[in-house]
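Work through the exercises below with the sequence and the model open. Each task is followed by a solution in steps.

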Amino acid sequence: MQVILAEEAGFCAGVRRAFKIAENTVSDDLHWVTLGPLVHNQAVVDHFTAQGISPADDMEKLAADGIIIRSHGIAPQIIANLQEKGIIINDATCPLVKRVHETAALLTAQGYEIIIYGDYDHPEVQGILGWCNNNARVIASVDEALVMPVVSKMGVISQTTKNESDFYKLVAALVPKAKEIRAFNTICSATLKRLEAARILSRKVELMLVIGDKSSSNTKTLARECQISGVKTQLIESAGDLIPAWFKDIKRVGITAGASTPDWIIKEVLDRMTQFDDGAPQEQTQQGNLSN
Ligand code: F3S
């Protein structure tokens with residue numbers, strides 16, 4: 001069985017940066033927390049919890065010296081609240097998410113009705129809403145766009161991990177809904193590169209394994225992209241989820257991983273795969289670099 005790793009897979013630059021910031025924050029003297037999980041991956045959260053940095057969800061009951069803002073970013077009102085409480089802030093917001101915040105704030109200041117293409121409950125979207133003074137409409141599908149009322153000025157932005165072609169369809173559906181429309185493609189290139197690499201690899205294999213947390217938006221988008229290409233696809237969180245029966249009579253397996261999946265989990269999966277070979281020599285082809 002040949003196992004091929006996608007050209008782009010695993011930690012993106014934003015998550016890698018957040019991981020490093022958190023590692024440099026580990027302290028014996030101060031109590032640090034993250035506001036919500038640092039990234040959408042339980043293994044990463046457990047890694048830092050073991051070193052004393054755990055997620056806190058309730059701002060009101062927050063009892064910490066310092067807080068790490070996670071890669072998804074947060075609303076400016078929450079930052080102000082933390083500053084008022086004298087809590088030290090270590091900002092691990094991905095710079096690309098920050099760019100969405102700036103665009104949202106600019107469009108708000110210029111009086112545009114803002115449409116965010118994204119999932120309302122996703123922490124990144126919740127953060128972006130704050131940069132629009134909580135005065136924006138979150139849309140998750142073209143169907144929702146079609147029933148929107150007509151407005152005079154509309155600004156459209158996207159959650160960074162959304163599918164680009166779906167974003168274009170959404171913008172096309174919104175064009176008749178405003179006299180003036182400005183659309184900013186704020187989908188990040190790491191997401192696009194991982195999707196493209198997964199798409200290419202899906203055409204060459206009989207089975208795709210997508211490694212990532214089931215709560216991770218970009219992992220789910222990757223799995224959907226593989227399924228759309230018609231290949232059998234399994235979404236797994238770790239090597240423990242692998243089922244030997246999946247590999248019966250399979251000659252080529254492709255592997256990709258979400259942007260918040262750490263290298264050590266990908267390596268564990270690759271190692272475990274050697275046990276599912278049916279006796280033929282196993283070949284592992286690493287197209288990508290786990291450090292990308
Ligand atoms: Fe940033 Fe894109 Fe990663 S927005 S956190 S580089 S998926």
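**Exercise 1. Find the strands that pair with β8, and give the direction of pairing.**

Step 1. Strand β6 (residues 113–117) runs parallel to strand β8 (residues 151–158), and 5 bridges join them. Strands and helices here are DSSP runs, numbered from the N terminus: E over at least two residues for a strand, H or I over at least four for a helix. Two strands count as paired if DSSP finds at least two bridges between them.

Step 2. For a residue pair across β6 and β8, take Tyr117, which stands opposite Ser158.

Step 3. β8 also pairs with strand β9 (residues 178–183), in the parallel sense and over 5 bridges. There Val151 stands opposite Ala178.

The model is predicted: local features need pLDDT of at least 70, side-chain atom pairs count only at pLDDT 80 or more, and totals for chains, interfaces and linings use all residues. Residues are numbered from 1 along each chain as its sequence is written.

**Exercise 2. Determine which strands pair with β12, and whether β12 is covered or not.**

Step 1. Strand β1 (residues 2–5) is joined to β12 by 4 bridges, and the two run parallel. The bridge partner of Leu5 in β12 is Ile255.

Step 2. Strand β10 (residues 207–211) pairs with β12 over 5 bridges, again in the parallel sense. Val210 stands opposite Thr256 in β12.

Step 3. β12 covers residues 252–257, and 5 of its 6 residues are buried, so the strand is mostly covered. A residue is buried if 20 or more other C-beta atoms, placed from the backbone, lie within 10 Å of its own; it is exposed if 12 or fewer do, and partly exposed in between.

**Exercise 3. Give the strand order of the open sheet of 4 strands, and place α1 on the sheet.**

Step 1. The order is β3-β2-β4-β5, with parallel pairing.

Step 2. β3 (54–56) and β5 (88–91) are the edge strands, each pairing on one side only.

Step 3. On average, neighbouring strands of this sheet are turned by 35° against each other, direction ignored.

Step 4. Helix α1 (residues 13–25) packs on the sheet and touches β2, β4 and β5. Its direction makes about 165° with that of β4. Contact means that C-beta atoms, placed from the backbone, lie within 7 Å. Axes are lines fitted to C-alpha atoms, for helices over the stretch in contact, and angles run from 0 to 180 degrees between N-to-C directions.

Step 5. Within the sheet, 3 bridges join β2 (residues 32–35) to β4 (residues 66–69). Thr34 has Ile68 in β4 as its bridge partner.

**Exercise 4. Describe the packing of α4 against α5.**

Step 1. Two packed helices are described by the angle between their axes and the distance between the axes.

Step 2. α4 and helix α5 (residues 123–131) pack at an angle of about 35°, with axes 8 Å apart.

Step 3. Val97, Val100, His101, Ala104 and Ala105 in α4 meet Glu124, Ile128 and Trp131 in α5. By class, this contact has 6 nonpolar, 1 polar and 1 charged residues. Ala, Val, Leu, Ile, Met, Phe, Trp, Tyr, Cys and Pro count as nonpolar, Asp, Glu, Lys and Arg as charged, and the others, Gly among them, as polar.

Step 4. In α5, 7 of its 9 residues are buried. What covers these buried residues includes α3 (76–84), α4, β6 and β7 (136–139).

**Exercise 5. Compare Asn133 and Asn134 in backbone angle and burial.**

Step 1. Both Asn133 and Asn134 lie in the loop between α5 and β7.

Step 2. Most residues other than glycine have a negative phi. Asn133 has a positive phi near 55°, and Asn134 has a positive phi of about 55°.

Step 3. Asn133 counts as partly exposed because it has 15 C-beta neighbours inside 10 Å. Asn134 is exposed because 10 other C-beta atoms lie within 10 Å.

**Exercise 6. State where Ser216 lies and what it touches.**

Step 1. Ser216 is in the loop between β10 and α9 (217–228).

Step 2. Ser216 counts as buried because it has 25 C-beta neighbours inside 10 Å.

Step 3. Not counting residues up to four places away in sequence, Ser216 touches His40, Asn41, Gly258 and Ser260.

Note on methods. Contact = placed C-beta atoms within 7 Å.
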